[in-house]
Amino acid sequence: MPETPSLTQRPEWQALQRHYAVTGAAHLRDLFAADPSRGERLVVEAEGLYLDYSKHRVTNETIDLLVALADACGLRERIDAMFRGDRINVTENRSVLHVALRAPRSASLVVDGVDVVKEVHEVLDRMGAFSDRVRSGEWVGHTGKRIRNVINIGIGGSDLGPVMAYEALRHYSERDMTFRFVSNVDGTDFAEATRDLEPAETLFIVSSKTFTTLETMTNAHTAREWSLRGLSGDESAVAKHFVAVSTNEQGVREFGIDPVNMFGFWEWVGGRYSMDSAIGLSTMVAIGPDRFGEMLAGFHAIDEHFRTAPFERNLPALMGLLSVWYRDFFGAQTVAVLPYDQYLKRFPAYLQQLTMESNGKHVTLDGARVDYDTGAIYWGEPGTNGQHSFYQLIHQGTVLIPCDFIGFSRTLNPLGDHHDLLTANVFAQCEALAFGKDAAPDQPYRQFDGNRPTTTLLLDLLTPESLGKLVALYEHSVFTQGAIWGIDSFDQWGVELGKVLAKAIIPELQAGAEPALQHDSSTNALIRRYRAGRAPG
């Protein structure tokens, strides 16, 4: 890999450092006083998304300098390389083509001699036909009963995306069916998910690319045993109650699943970017193929916007550049994502994997250790719940926490004046965080310093299409940050070591006789303590 200049030595980075030294302490009150129209000007509207970034601690010059840094770091070239199918995941020598998952049927993208868009739509067509059969009642279980319960078994991107999408789009789901999700290897997760269900009416979707993931396959085998106990132990029942999202046909067949009911995806789909691939099969069964197609169209609209719009008017690029501004120049360690829609209650959890698994890296593409911060911590809860929980720290704490507020002009559940009250809180919180309020000298506890930066994202209504746009917005913001930092946003080697060590410890926990332990003294003592605690009597 060619060596790239150190980020902090770039003239554009150093220009931002000088700019921060002059403007970093400026208060939003003063910025609005000097430029009263900034609230109408520092906004971008595209593809049904309205982004207000006027309450950020930036000026026109800040944006110009950030865009200059993006140009110097080759963001445009990185975007083009991704959309071409270049192997930009350098540590795994893979293309990064989640954008192909939502390309229209008329598009074509040839990578290594294969039109990947054609392959994507072949899988989508198979998913659609299967989903229609389950939703209509044509697909029945082993005893002839209709499938009324669908349980997705996966972990990481094979769980977080489907869970988030189901909760977000529950309004559009088939309400006569029950959808649940099992991810944790903790047996409680499976036990609670199946406690009130009938095996004869339950279909499991086992989502594992390799069909070897420890947690997923442990839960899958438990599900298999649970099903067979309720279906007279007939092994042939497995084929009617299990389907697979995988690429391991032999493993799927050995499990008892008919490979006809295996839905594949590709090595160029990263787990945290896979909710719009076959990993989204449970989503498609829940909302139907047409609605799923609307979600894909939303993804694609933002893909095209990101690919073509100039950075100063580019929604994901601006969000990503602002994230770099706060992470590296203000030292902000976290970002709060605060959706004001109860259906988006799992959206912050979904973003945690998307952002932190992507950009939690300490080496650059050419293997050098970074000398700047990467990857902020993302967290959040839906409003207004969070206001009665952690907003205290955001308003009056000693750390700077940039916040993304997500609101909708209309609600799917119009009840009295609920939505007006909800939305009033979006605008009020952003106003309070920006401008604060001075207190009397004898009441310092009532002092609100303000100058806390916020992004306000407004959409019309939470639909499958708008959900796709929101997810793609954050995907490409993450990409932008990674391009600036010069890191590989698409590998995840940091999750490997713990898994390797766990596999070594499992037989030591289960051994009949006292094993010879070779760990550190703490780990050895914990293993012995656990073995003593689980011993009979």
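The following paragraphs describe a sheet, the helices packed on it and the nonpolar cores of a predicted model.

The sheet is open and consists of 6 strands, arranged in the order S1-S2-S13-S12-S10-S11 with mixed pairing. Its edges are formed by strand S1 (43-46) and strand S11 (377-379), each of which pairs on one side only. On average, and with direction ignored, neighbouring strands of this sheet are turned by 15° against each other. Within the sheet, strand S10 (residues 334-339) is paired with strand S12 (residues 403-408) in the parallel sense, the pairing extending over 4 bridges; Ala336 has Cys403 in S12 as its bridge partner.

Two helices can be described in relation to these strands. Helix H15 (residues 347-359) lies across S10, S11 and S12 and runs at about 165° to S11, whereas helix H17 (residues 418-435) packs on the sheet through contacts with S12 and strand S13 (454-459), its direction making about 155° with that of S12.

In soluble globular proteins, nonpolar side chains tend to be buried together. In the present model, the largest nonpolar core comprises 124 residues, among which Phe347 and Leu467 touch the most other members. Phe347 is also the residue at which the range of helix H15 (residues 347-359) begins. When neighbours within four places in sequence are left aside, Leu467 is in contact with Met164, Ala165, Ala168, Leu169, Met295, Leu344 and Leu462. A second core, separate from the largest one, contains 24 residues, including Ile153, Ala193, Val206 and Leu231.

Technical notes:
Residues numbered from 1 in each chain as written. Predicted model: local features only at pLDDT ≥ 70, side-chain atom pairs only at ≥ 80, totals over all residues. Heavy atoms only, no water. Pairing = 2+ DSSP bridges. Axes fitted to C-alpha atoms, helices over the stretch in contact; angles between N-to-C directions. Contact = heavy atoms within 4.5 Å. Core = buried A, V, L, I, M, F, W, Y, C linked by side-chain atoms within 4.5 Å. Buried < 20%, exposed > 50% of the residue type's maximum accessible area, 1.4 Å probe, protein only.
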